[in-house]
Amino acid sequence: MRTRPLKVALLGCGVVGSEVARIMTTHADDLAARIGAPVELAGVAVRRPSKVREGIDPALITTDATALVKRGDIDVVVEVIGGIEPARTLITTAFEHGASVVSANKALLAKDGTTLYDAAALHGRDLYFEAAVAGAIPLIRPLRESLAGDTVNRVLGIVNGTTNFILDRMDTAGAGYSEALDEATALGYAEADPTADVEGFDAAAKAAILAGIAFHTRVRLDEVHREGITEVTSADLASAQRMGCTVKLLAICERAADGKSVTARVHPAMIPLSHPLASVREAYNAVFVEAEAAGQLMFYGPGAGGAPTASAVLGDLVAVCRNKLAGATGPGESAYTGLPVSSMGEVVTRYHINLDVADKPGVLAQVATVFAEHGVSIDTVRQKGKDGEASLVVVTHCAPDAALSGTVEALRKLDTVRGVASIMRVEGE
Ligand code: NDP
Ligand code: HSE
């Protein structure tokens, strides 16, 4: 074993960073044995230097992250600050000054992964980011390496722990939305700005990363259709329960049947209770990968939280350190297919629509006509009348999303339709 240590700079020492530092210290001997050289924490950049950080030598703490990554003797920079800047500049500076990088920053990778990949390639460094998608779950490496010889057609799953935690609490414990969000934040699952979680930005960033790797193409964040969970009500969850379903925020990346384009989307969806994703509770994540030769694979585990995420960071750290010692680099960006990303309108899906309508003769026929005019076939209809008004629940067969949204738009214009109480896509059947 080499005795000279590999030097690691830790950028950020919050929920994830503090756990990375703890494991590096408590498992130093095991890490050294697995890498073939000791790893030494050479500096820790934070915003608030006076904060007490258990187990970390105060002499390592600095607020000058730029000076740390420019030192020239740093082998690996672990970026767990989050956000776009200064993280992006720090990462590219680290590459310029000789370090490889491990990051958990999905927001940055989805927004500007190309800049990071290019800078890593230019300087012959590694860029690893297992922790950026689905917390502790090994998913990036299986997609980038284990499935590199296969053709992935679909990646579908729950990739945001916070929203899964909130929906689960609302569904199974009758908790309110705000109360459940506060709990997820206190447990360290939510982003610094939890809007990123609840509005679907975090899951969309992960979908862009997954689609890019799975389909060997570049998928921009603004090409991912995004809806969050802020409009999911307890009435939606109750309605889902009546249908033998639950509601989950799903990320779905698909290759078109002709193989010539891809789609990526994030939205809440009803899924049957019999579907494996329905039993994914709390902040757990689960992702199905469908590949031509491998068939269907499922990845499941803790999707957020300090220690689980640190596990993924440490796995990358070991891999990057081994590469350093071998004088090699791991896989870089693979975007050779250049497949275009189709819009949400072209996605084929099903809708569950809850309408408040006038309870009088001919209304059902009128509603059915609108569906027919848009080429959308109805699977089931359930009506419950009360005092001259009725609640009409329509579940459609599969149709292009554009036809389904056109149907809803036309329904809103009918005099007999008092309102569209909720619309939710149905997946997993
Ligand atoms: P935290 O907010 O808990 O920690 C952020 C850390 O970065 C803090 O230590 C903070 O310093 C430091 N920091 C912020 N700005 C600067 C700056 N300009 N210069 C130096 N240090 C700075 O975030 P998390 O640990 O939760 O998340 C970190 C990253 O990991 C994010 O990209 C996040 O998306 C990702 N991630 C998080 C997961 C989770 O479950 N929390 C799971 C998977 C990925 P100070 O301590 O002084 O405030
Ligand atoms: N805020 C993220 C989540 C952290 O809740 O999934 C893990 O990426």
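Visitor: Why is Pro38 called partly exposed?
Guide: Its relative accessible area is 25%. Buried means under 20% and exposed means over 50%, with partly exposed in between (1.4 Å probe, protein chains only), so Pro38 at 25% counts as partly exposed.
Guide: A word on the ground rules: this is a predicted model, where local features need pLDDT of at least 70 and side-chain atom pairs count only at pLDDT 80 or more, while totals for chains, interfaces and linings use all residues. Residues are numbered from 1 along each chain as its sequence is written, chains are lettered from A and ligands numbered from 1 in the order in which they are written, and side-chain values use heavy atoms, leaving out hydrogens and water.

Visitor: Where does Pro38 lie?
Guide: In the loop between helix 2 (28-35) and strand 2 (39-45). Those names are DSSP runs, numbered from the N terminus: helices are H or I with at least four residues, strands are E with at least two.

Visitor: Which residues does Pro38 touch, not counting residues up to four places away in sequence?
Guide: Met1, Arg2, Thr3, Arg4, Pro5, Leu6 and Ala32. Contact here means heavy atoms within 4.5 Å. As for Pro5, it is 33 residues from Pro38 in sequence, yet their C-alpha atoms are 4.6 Å apart in space.

Visitor: What makes a residue part of the group around ligand 1?
Guide: One of its heavy atoms has to lie within 4 Å of the ligand. There are 23 such residues, and Cys13, Arg48, Lys106, Glu191 and Gly305 come nearest.

Visitor: How do you know that Lys106 makes a polar contact with ligand 1?
Guide: A polar contact is a pair of N or O atoms within 3.5 Å; within protein, one must be able to donate a hydrogen and the other to accept it, and residues adjacent in sequence count only if both atoms are side-chain atoms. A polar side-chain atom of Lys106 lies 3.2 Å from an oxygen atom of ligand 1, so the pair falls within the 3.5 Å limit. The protein covers 87% of the 910 Å² of accessible area that ligand 1 has on its own, by the Shrake-Rupley method with a 1.4 Å probe (for residues, only the protein chains shown count as cover).

Visitor: And what about ligand 2: how far is its nitrogen atom from the side chain of Asp197?
Guide: An N or O atom there is 2.7 Å away, so that pair passes too.

Visitor: Which helices each supply at least two residues of the shell around ligand 2?
Guide: Helix 7 (161-172) and helix 10 (201-215).
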